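Please open the model in your viewer and keep the selection tool at hand. The tour below goes from one selection to the next and says what is found at each stop.

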Amino acid sequence: MTGPKRYALVGTGSRAEMFERAVVRDHAATASLVALCDTNPVRVQAHQRFLADLGAGPVPAYDAADFTEMLAKEQVDAVIVTTMDSTHADYITRALRAGCDVLTEKPMTTDLAGCEAILGTVAETGRNVTVTFNYRFSPVHEQVKRLLDEGAVGEIGSVHFEWLLDVRHGADYFRRWHREKENSGGLLVHKSGHHFDLVNWWLSARPVDVFAYGQLFFYGQTGRRHGYARDYERAHGSAAAQDDPFALHLADHPRLRELYLDAEPADGYQRDRNVFGGDITIEDDLAVMVRYNTGATMSYHLTAYSPWEGYRLMVNGSRGRLELEVVENDHVSLGAAAALKGAALHGEEAAAEQGRVRLTLHRFWEPPVEIDVPEKSREGHGGADAKMAAILFGGATDPLRRSATERDGALALLTGLAANRALATGAPVHVPDLLTL
């Protein structure tokens, strides 16, 4: 291949902007965006304007029905998939069969059938799938990987991992299509897939047995008993939503207005639904137990309604313990509660509240040692997006093997799928019974 690699992007929501910025602004010498594709033409036009803001010209635009035709006509080398999660497998497999490589947003797909289809099509075509697990590229997560690989805690026996989404970020999953499990797979697939992948990567392990409990505790109809609910279907145009800290006011965000509110007439999609609505089918409080092929176990908890945002990781080994505490913001100020947190805008802006990062190594018979971690960037998931893009589009080296393949995507997905099955059946799930990798 001569010249920059030719990319087409399917799915023009807000996450697509990170990939467009990386290709047309940051890595134009090695990558070229040659087409956009979506079901919604209004949203595609919004992205054309975004490309113009980046100093790029418009690119050919295609309806989703013409996806395969686009790949041939524009001589596409690779496809970037940022569509609704439940549609990933269809676009990925079609792109592979058309002779393209694929970069896909996590999760790779949302169900076992889609996972099997992707793995089978990769084997059939010999093409490559990369799952963009950007959390692997966070400097503190890289530091954890180095320490564990170096044997800082010896042989790993157990992991405890607690992840807290605050009532600004967590609530956002209950306003949009993610609130319906058929679209997103639930938070154990859509959000926790990041976290399950990190543990697989840190431990160089794969899940074997999974059990889970979960509930819709805070949001939805069940959460109305806590006294926060207002009676409206969606925030836009509703008087009841005006001072609701859980409401998203699309008209107050120029970019969100352009991408979603102005695009509504084309497909009817509403981005600002009531988080206490009655049609929510995902959980907001989840506990998972995992046993890995290395013998290590993990206890994991995800809370989507916390007063602060961040996570705690504890790794116990034969020579000590590694502890990580990340406070992304120490509270949610009431005045900013109805705004989107940076994470909900995919990390372009950090929250205004205070945060901190502390990584501590506790070796047996020694005082604890606080490990220096690089200062966290205020852009793009703490700088992880830019580092990931440099490898994906710019050809930067990857000594920590952070780029995730379809196998990595499947292993992260299988933990979430097994946990979802445990929620439904009340019984532990042996992961190889679902799919052997």
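**First stop: the sheet with E8 and E16**

Begin by selecting E8 and E16, two antiparallel strands that are joined by 2 bridges; strands here are DSSP runs of type E with at least two residues, helices are DSSP runs of type H or I with at least four residues, and both are numbered from the N terminus. Two strands are said to pair if DSSP finds at least two bridges between them. Within this pair, Val210 has Val429 in E16 as its bridge partner.

Before going further, please keep in mind that this is a predicted model, in which local features need pLDDT of at least 70 and side-chain atom pairs count only at pLDDT 80 or more, while totals for chains, interfaces and linings use all residues. Residues are numbered from 1 along each chain as its sequence is written, and side-chain values use heavy atoms, with hydrogens and water left out.

Now add E9 to the selection: E8 and E9 run antiparallel and are joined by 8 bridges, and the bridge partner of Ala212 in E9 is Val288. Widen the view to the whole open sheet, whose 9 strands follow the order E14-E13-E12-E11-E7-E10-E9-E8-E16 with mixed pairing. Its edge strands, each pairing on one side only, are E14 (369-371) and E16 (429-430).

Further along this sheet, select E11 (residues 309-317) and E12 (residues 320-329), which run antiparallel and are joined by 9 bridges. Here Glu309 has Asn329 in E12 as its bridge partner. Helix H6 packs on the sheet, where it touches E7 (156-166), E11, E12, E13 (356-363) and E14, and the direction of H6 makes about 175° with that of E12; contact means heavy atoms within 4.5 Å. Axes are lines fitted to C-alpha atoms, for helices over the stretch in contact, and angles run from 0 to 180 degrees between N-to-C directions. Helix H14 also packs on the sheet, touching E8 (207-215), E9 (285-292) and E16, with its direction at about 50° to that of E8.

**Second stop: helices H6, H10 and H14**

Select H6 (residues 139-149) alone and colour it by accessibility: 9 of its 11 residues are buried, where buried means under 20% relative accessible area, exposed over 50% and partly exposed in between, with a 1.4 Å probe and protein chains only. Among the buried residues of H6 are Pro139, His141, Glu142 and Lys145. Just beyond, H6 is followed by Gly151, whose phi is positive, near 85°.

Show H10 beside H6, and the two helices pack at an angle of about 35° with their axes 9 Å apart. On the H6 side the contact is made by His141, Glu142, Val144, Lys145, Leu148 and Asp149, and on the H10 side by Leu198, Trp201 and Trp202. By class, these residues divide into 5 nonpolar, 1 polar and 3 charged; Ala, Val, Leu, Ile, Met, Phe, Trp, Tyr, Cys and Pro count as nonpolar, Asp, Glu, Lys and Arg as charged, and the others, Gly among them, as polar.

Next, show H10 (residues 192-203) with H14 (residues 406-425), which pack at an angle of about 120° with their axes 8 Å apart. In this pair, Gly193, Phe196, Asp197 and Asn200 of H10 meet Asp408, Leu411, Ala412, Thr415 and Gly416 of H14. The contact of H10 with H14 has 3 nonpolar, 4 polar and 2 charged residues.

**Third stop: the other sheet, Thr12 and the cysteines**

Select the open sheet of 7 strands, which has the order E3-E2-E1-E4-E5-E6-E15 and mixed pairing. E1 and E2 (residues 31-38) pair in the parallel sense over 6 bridges, and Tyr7 stands opposite Leu33 in E2. Helix H2 (residues 41-53) packs on this sheet, touching E2 and E3, and its direction makes about 155° with that of E2.

Then select Thr12, in the loop between E1 (5-10) and H1 (16-26). Thr12 counts as buried, because its relative accessibility is 0%. Leaving aside neighbours within four places in sequence, its contacts include Cys37, Asp38, Arg43 and Leu259.

Finally, why does the structure hold 0 disulfides? A disulfide is a pair of cysteine sulfur atoms within 2.5 Å, and the sulfur of Cys37 is 12 Å from the closest cysteine sulfur, in Cys100, which is too far for a bond. Cys37 is buried at a relative accessible area of 0%, and Cys100 counts as buried at 1%.
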